[in-house]
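Q: Got a minute to go through this one with me? I'd like the broad picture, then a few side chains.

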Amino acid sequence: MSLRPLLIAAFLVSTPAFAQSWQPQASGTSAELRGLSVVSSTVAWASGTRGTVLRTVDGSHWQAMQVPDADKIDFRDIQAFDADTAIAMGAGPGAASRLFRTLDGGAHWTPIATNAYADGFWDGMAFWDKDNGILFGDPVKGRFQIYVTADGGRSWRQVEATGLDALPSEGAFAASGTSIAVAGAQDAWIATGGAASARVFHSSDRGQTWRAATAPIPAGAAAKGVFAVAFANPKEGVAVGGDYKEKLLEGVNGAVTQDGGATWTAAPVQPAGYMSVVVPVPGAARTYVAAGLAGSGVTRDGGKSWTVLDRTPVNTVGFAGASSGWAVGPKGLLMKYTGAALDAPRH
């Protein structure tokens, strides 16, 4: 069963924390924004519904564009390599899952791959380096789908991977393309929900073989499970999730691992509620930011304890460093991080 959350646009609430942590920037669009790829403190790309892609090259001003022939495509994920090169991933049933690539800053886009399975649904992609990447999708004939590229996304090859048999009703969330993560040169993880228990799959050979581990974040319904996973290195990682229909529901919405995902321990994230993304902060050891419709929070100890950054509902976040990042969300919401450096000690 494919899990395709259609999150209800949330009302933007101004709070004292909002003024300290995030400041709005003009996005030039009203599209629901879900994908985000931060290249540097000045270059970032975002993506969303109606074939929408955004780009900034100065960190302040954003250009909104629509990919040709993609007005009905929901770009849930985007991978940028520099100011000129990016791949946008459409998520949806069958051929609605597509990849488009630009080499000239979005002036021109080329379709590079389309899901060949009518019952398939792509969930996210990630890259180890500028050449090698991985893409995955919901189960087809009972198994999750894996594709890899070795040429920067120009071509993709389906992998006949082992260890990816799905449980009844199990699927992944294409919320913001963050239910997949990579670290090092070989390791990858994908996160799931919907089944009786949530799971995180780990591969140490670039997607050829996988092993699943149960995560303590509650599942058991189509809206519940692990929505995102992130690893700062091949051993230490954080998973987040919850129930996208209950954005402020109390309960376990986070988990941590110290062994590459073989075992997971519950570690509730603050603010409490539904979290759709978690990302490591580059250059800040053991620091991650998690976010979702419940707001955003930061951990400086690998996920064991959390501090609330803000309660503005967002879909995803991304950082270039401890003082440079963005968040995107409903109705064209776009914010830049302006708070204290995330690697600074807490007071």
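What follows is a quick chat about the fold, one serine and some charged pairs.

A: Sure, just keep in mind that this is a predicted model.

Q: OK, what's the secondary structure of the chain?
A: One helix and 28 strands. The C-alpha trace spans about 50 × 45 × 35 Å along its principal axes.

Q: And how many of the residues are buried, as a percentage?
A: Buried residues are 60% of the 347 in the chain. The accessible surface is about 12900 Å², with 53% of that belonging to carbon and sulfur atoms.

Q: Switching topic: where is Ser 276?
A: Ser 276 sits in the loop between β21 (265-266) and β22 (277-280).

Q: Is Ser 276 buried or exposed?
A: Buried, because its relative accessibility is 1% and the cut-off for buried is under 20%. Beyond its neighbours within four places in sequence, Ser 276 has contacts that include Phe 227, Val 314 and Asn 315.

Q: Now charges. How many salt bridges are there?
A: Six. One of them joins Arg 34 and Glu 32, with the closest N and O atoms 3.8 Å apart. Arg 34 is buried at 3% relative accessibility, and Glu 32 is buried too, at 12%.

Q: What about Asp 165 and Arg 143?
A: Their side chains meet in a salt bridge at 3.7 Å, N to O. Asp 165 is in the loop between β13 (157-159) and β14 (180-183) and Arg 143 is in strand β12, so the pair ties together parts 22 residues apart in sequence. Asp 165 is exposed at 51%, while Arg 143 is partly exposed at 29%.

Technical notes: Residues are numbered from 1 along each chain as its sequence is written. This is a predicted model: local features need pLDDT of at least 70, side-chain atom pairs count only at pLDDT 80 or more; totals for chains, interfaces and linings use all residues. Side-chain values use heavy atoms; hydrogens and water are left out. Helices (H or I, at least four residues) and strands (E, at least two) are DSSP runs, numbered from the N terminus. Buried means under 20% relative accessible area, exposed over 50%, partly exposed in between (1.4 Å probe, protein chains only). Accessible areas come from the Shrake-Rupley method with a 1.4 Å probe; for residues, only the protein chains shown count as cover. Contact means heavy atoms within 4.5 Å. A salt bridge is a side-chain nitrogen of Lys or Arg within 4 Å of a carboxyl oxygen of Asp or Glu.
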